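Here are some notes to read next to the model, point by point. Have the structure open while you go through them.

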Amino acid sequence: MSLLIKNGRIITATDDYVGDVFIEDESIVAVGKNLPQRATTIIDATGLLVMPGGIDPHVHLDMPFMGTFSSDTHETGTRAALFGGTTTVIDFVLQKQGHSLHEALAEWNGRARGTAVGDYSFHMAVTDYNDETKKEIRQMVEEEGITSFKTFMAYKGALMIDDRQMTALMQEVKKCGGLVTVHATNGDMIDYLIAKHRAEGKLSPLYHYLSQPEVTEAEASARFADIANYTGCPGYIVHLTCEGALNAVRNATRRNQTVFVETCIQYLLLDAELYEKDFEGAKWVMSPPLRKGKDRETLWAGINQGLVRVVATDHCPFLWKQKLMGEKDFSKIPNGHPAIENRMELLFSEGVQKGRIGLNKYVEVASTNAAKIFGLWPRKGTLAPGSDADLVLFDPNEKHTLSAKTHHMNVDYSAYEGWDLTGKVKTVILRGRVAIDHNQCLVEKGYGQFIKRNKV
């Protein structure tokens, strides 16, 4: 089976020209101008951008949290991702304290295998680092193709590891050719502030935000960078939100250290004032919380400076009835918001169309950098001979409005209800098959593959 995409404006992290892409089976065979190949199917992409499929390296599908589960499964979540132009996601496997990494992986495999519609991989969240866990790190990297290990500096008693464990984990991961990622917030300080606000009867969603001031993130980001620098382990900060935290990374570059930084689409666009909307603010309760205008400006600048390498989502949706678990106490609101379907279009409309970033930078932060950092390159994240045929055909001029009434995520509200956007995903190709076209999904449950990743 062959497919020829003709006359599209081909955009990669480095290229911008009108040309063709020729695909056979699951792979790209040729990219160039006026390709001579004949194909079973021809798509005329005149007037459309032709870009690599998006990669979202931070999603939580069917994740257990606070006695419930995030509402998107690997089926519904990866399907929604495809509708939004994201062809590959990286989900998080969460080790339970007292249990092994392999037990956790078996649990997540049981939910994802045979159900995912789009391609996926896993990070391994290490919540109980000990001598037995240490033995599993190399097996994860070399046998399972899981090369990134998530750590939490918050959520004591459930997910958090201390600095002693962090140092030991980094030393082992470095030996094995992996990467350590981090939720960088000061858990002890946050726990103190949560308890203080609850004791004072301050229980609305606003106090979720006030319990996680900028200093909690800035301090933890600097501490993580210092430990990574000492161990020599590659480090990646997930969902960085604020000026203070990015300045900690900026300071690390003065000693020639590289700390990879991810932000999420919500931190580029949304404001902490949303928490003042009484309980409706629960829609945006996530950790870290939304910040202020100065932080958004810093993050956009950080993208153009090359400090912020990736724009992800931290997609972790909960139905409104699940959010109501915290109606009388902000600390009981499940953390997370839906965005897996909206990321690519929001970033284009608010970034490219408004002149904040260029087209090549857009592809870089939405796809290519994640592929390179997490060992997917060059299979994913580019349009080149031999790469997986994951492509997005995108109309840069089509106007549309985001709404829970029309999205495909399994959640009954939108964090961006009524947002008017310019730029829309029209056709998505996943490993050579047309997956999305005319707002219809054309690939079945189980088409998504687990993608083993290379060492860092």
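1. A word on labels before anything else: helices and strands here are DSSP runs, a helix (H or I) needing at least four residues and a strand (E) at least two, and the numbering goes from the N terminus. With those names, Pro378 sits in the loop between α13 (359–373) and β16. The peptide bond leading into Pro378 from Trp377 is cis, with omega near 0 degrees. Keep in mind that this is a predicted model.

2. There's a second cis bond to look at. Ser287 and Pro288 are joined by a cis peptide bond, with omega at about -5 degrees. Pro288 also has a loop position, in this case between α9 (265–269) and α10 (293–305). As background, most peptide bonds are trans, and most residues other than glycine have a negative phi.

3. That brings us to phi. Asn34 isn't a glycine, yet its phi is positive, at about 50 degrees. You'll find Asn34 in the loop between β3 (27–32) and β4. Is Asn34 buried or exposed? Asn34 is exposed, because its relative accessible area is 67% and the cut-off for exposed is over 50%.

4. His239 is another non-glycine residue with a positive phi, about 35 degrees here. The loop that holds His239 runs between β13 (235–237) and α8 (243–253). His239 has 2% relative accessibility, so it counts as buried, the limit for that being under 20%.

5. Now the overall picture. The protein has 13 helices and 19 strands. Its C-alpha trace spans about 70 × 50 × 45 Å along the principal axes. The radius of gyration is 21 Å, which agrees with the value near 23 Å for a compact globule, because the chain has 456 residues. Of those 456 residues, 62% count as buried. As for contacts with a separation of 6 or more, 75% come from residues 24 or more positions apart.

6. Strand β6 (residues 54–59) deserves a look. Why is β6 described as largely enclosed by the rest of the structure? Because six of its six residues are buried. β6 pairs with strand β9 (residues 86–94) in the parallel sense, over four bridges. To find the pairing on screen, start at Gly54, which stands opposite Thr86 in β9. In a regular strand, side chains alternate between the two faces of the sheet.

7. If you're thinking about open space, begin with the largest pocket, which holds about 630 Å³. Its lining takes in 28 residues, and those nearest the centre are Phe65, Met66, Tyr155, Ala158 and Leu159. Two elements give two or more residues to that lining, namely β7 (64–65) and α5 (187–199). Which element gives the most to the lining of the largest pocket? That's α5, with four residues. By class, the lining of the largest pocket has 13 nonpolar, twelve polar and three charged residues.

8. The second largest pocket has about 420 Å³ of space. There are 24 residues in its lining, with Phe83, Glu345, Lys424, Val425 and Asn439 nearest the centre. The elements that give two or more residues to this lining are β4 (41–44), β16 (391–401), β17 (420–430) and β18 (433–437). Of these, β17 gives the most, with four residues. The lining of the second largest pocket splits into seven nonpolar, eleven polar and six charged residues.

9. Finally, the closed spaces. How many cavities of 30 Å³ or more does the structure hold? Three. The largest cavity has about 180 Å³ of space. It is lined by 17 residues, and His60, Met63, Phe152, Tyr155 and Asp314 are the closest to its centre. The lining of the largest cavity comprises eight nonpolar, seven polar and two charged residues. Do check Tyr155 on screen, since that residue is listed among those nearest the centre of the largest pocket and among those closest to the centre of the largest cavity.

Notes
Residues are numbered from 1 along each chain as its sequence is written. This is a predicted model: local features need pLDDT of at least 70, side-chain atom pairs count only at pLDDT 80 or more; totals for chains, interfaces and linings use all residues. Side-chain values use heavy atoms; hydrogens and water are left out. On a 1 Å grid over the protein atoms alone, a cavity is a set of points where a 1.4 Å probe fits but cannot get out, and a pocket is an open set with protein on both sides within 12 Å along at least five of seven lines; lining residues have an atom within 4 Å of a point. Grid points are joined across faces, edges and corners, and a volume is the space filled by probe spheres set on the points. Ala, Val, Leu, Ile, Met, Phe, Trp, Tyr, Cys and Pro count as nonpolar, Asp, Glu, Lys and Arg as charged, and the others, Gly among them, as polar. Buried means under 20% relative accessible area, exposed over 50%, partly exposed in between (1.4 Å probe, protein chains only). Two strands pair if DSSP finds at least two bridges between them. The radius of gyration is taken over C-alpha atoms; the globule rule is 2.2 Å times the number of residues to the power 0.38. Contact means heavy atoms within 4.5 Å.
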